Amino acid sequence: MKRVILLAFSGLRFGELCALKWSDLDFQKNENRTSKQIYSPKDNMREYELIPPKIPAGVRTFDIEPSVMEMLKSLQLYQSKVRLAVRLLIDDYHDKNFVFCRQNGYPFLQKNILIRVERILRLTSITKEATPHIFRHTHISMLAEAGVDLPVIMKRVGHDDMKTTLKIYTHVTEKMKKDSSEKVTFQFKHLLNV
């Protein structure tokens, strides 16, 4: 569940999420530095590479909600306890400091996240087919609804093409226009009855 929360509140691509290391997080500033993604063509946890983002804009630093950072701090504490216990039992512990890793230290891969999201969705009444990428769209929508301007959103989510962001942003801002009209009408309908 922590992975899903971070996806929704950061706008990370899920390859970036899988590649996230503790050294990428600055708990003093509540910031994340994204500079890599995980690549595993065979979906094998032991056969992966950390590669740069496809576009230069993918390398970025952005702030994360303090409550989400607190959640990550608790995960780090839990993980350090597990790491100490597991190292005694496993000879080949993969100590690469991944934020989201298995008990043997190897990172989760995109396929693992997709499977988890599908399991979570089966427990809900949501019938729409969704991938982890939907949380990225959710994040962009939340930023747009909060009034964050387009260039800031683009920088935060690592887009270099305005069209990519606009596809999501325009949908949200159209809804906001309609909602704002309805809110004004509701708030001041008594003035219309003159």
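**Figure 1. Strand S5 and its pairing within the sheet.** Phe 62 of S5 is the bridge partner of Asn 32, and Arg 60, also in S5, is the bridge partner of Thr 34. The model shown is a predicted one, in which local features need pLDDT of at least 70 and side-chain atom pairs count only at pLDDT 80 or more, whereas totals for chains, interfaces and linings use all residues. Residues are numbered from 1 along each chain as its sequence is written, and side-chain values use heavy atoms, with hydrogens and water left out. Helices (H or I, at least four residues) and strands (E, at least two) are DSSP runs, numbered from the N terminus. S2 and S5 run antiparallel and are joined by four bridges; two strands are taken to pair if DSSP finds at least two bridges between them. The open sheet is formed by three strands in the order S1-S2-S5, with antiparallel pairing. S1 and S5 each have a single partner strand and stand at the edges, so one side of each is left without a neighbour in the sheet.

**Figure 2. Alternating side chains along S5.** Arg 60 and Phe 62 point to one face of S5 and are buried, while Thr 61 and Asp 63 point to the other face and are not. Here buried means under 20% relative accessible area, exposed means over 50%, and partly exposed lies in between, with a 1.4 Å probe and protein chains only. Arg 60 counts as buried because its relative accessibility is 3%, and Asp 63, at 47% relative accessibility, counts as partly exposed.

**Figure 3. The salt bridge between Arg 60 and Glu 16.** Arg 60 forms a salt bridge with Glu 16, and the closest N and O atoms of the pair are 2.8 Å apart. The pair links distant parts of the chain, with Arg 60 in strand S5 (residues 60–63) and Glu 16 in helix H2 (residues 14–19), 44 residues apart. A salt bridge is defined as a side-chain nitrogen of Lys or Arg within 4 Å of a carboxyl oxygen of Asp or Glu. Glu 16 counts as buried, since its relative accessibility is 3%.

**Figure 4. The salt bridge between Asp 63 and Arg 156, with Lys 155 alongside in sequence.** The side chains of Asp 63 and Arg 156 meet in a salt bridge, at 3.0 Å from N to O. Asp 63 lies in strand S5 and Arg 156 in helix H6 (residues 150–157), so the pair ties together parts that are 93 residues apart in sequence. Salt bridges that share partners also join Arg 13, Glu 16 and Arg 60 into one network. Arg 156 counts as buried at 13% relative accessibility, whereas Lys 155 is exposed, with a relative accessible area of 59%. Lys 155 is found in helix H6, and its C-alpha atom is separated by 7.3 Å from that of Arg 60, although the two residues are 95 residues apart along the chain.

**Figure 5. The salt bridge between Asp 24 and Lys 36.** Asp 24 forms a salt bridge with Lys 36, the closest N and O atoms being 2.6 Å apart. This pair links distant parts of the chain, twelve residues apart, with Asp 24 in the loop between H2 and strand S1 (25–26) and Lys 36 in the loop between strand S2 (31–34) and strand S3 (37–44). Asp 24 is buried, with a relative accessible area of 9%, and Lys 36 also counts as buried, at 14% relative accessibility. A search of the whole structure finds eight salt bridges.

**Figure 6. The crossing of helices H1 and H4.** The axes of helix H1 (residues 2–10) and helix H4 (residues 110–122) come within 10 Å and cross at roughly 100°. Axes are lines fitted to C-alpha atoms, for helices over the stretch in contact, and angles run from 0 to 180 degrees between N-to-C directions. H1 and H4 are therefore roughly perpendicular to each other, a label that covers angles of 65 to 115 degrees. The contact (heavy atoms within 4.5 Å) is made by Arg 3, Val 4 and Leu 7 of H1 and by Ile 113, Arg 116, Val 117 and Ile 120 of H4. By class, the contact of H1 with H4 has five nonpolar, no polar and two charged residues; Ala, Val, Leu, Ile, Met, Phe, Trp, Tyr, Cys and Pro count as nonpolar, Asp, Glu, Lys and Arg as charged, and the others, Gly among them, as polar.

Definitions and conventions. Angles under 35 degrees count as roughly parallel, over 145 as roughly antiparallel, 65 to 115 as roughly perpendicular and the rest as oblique.
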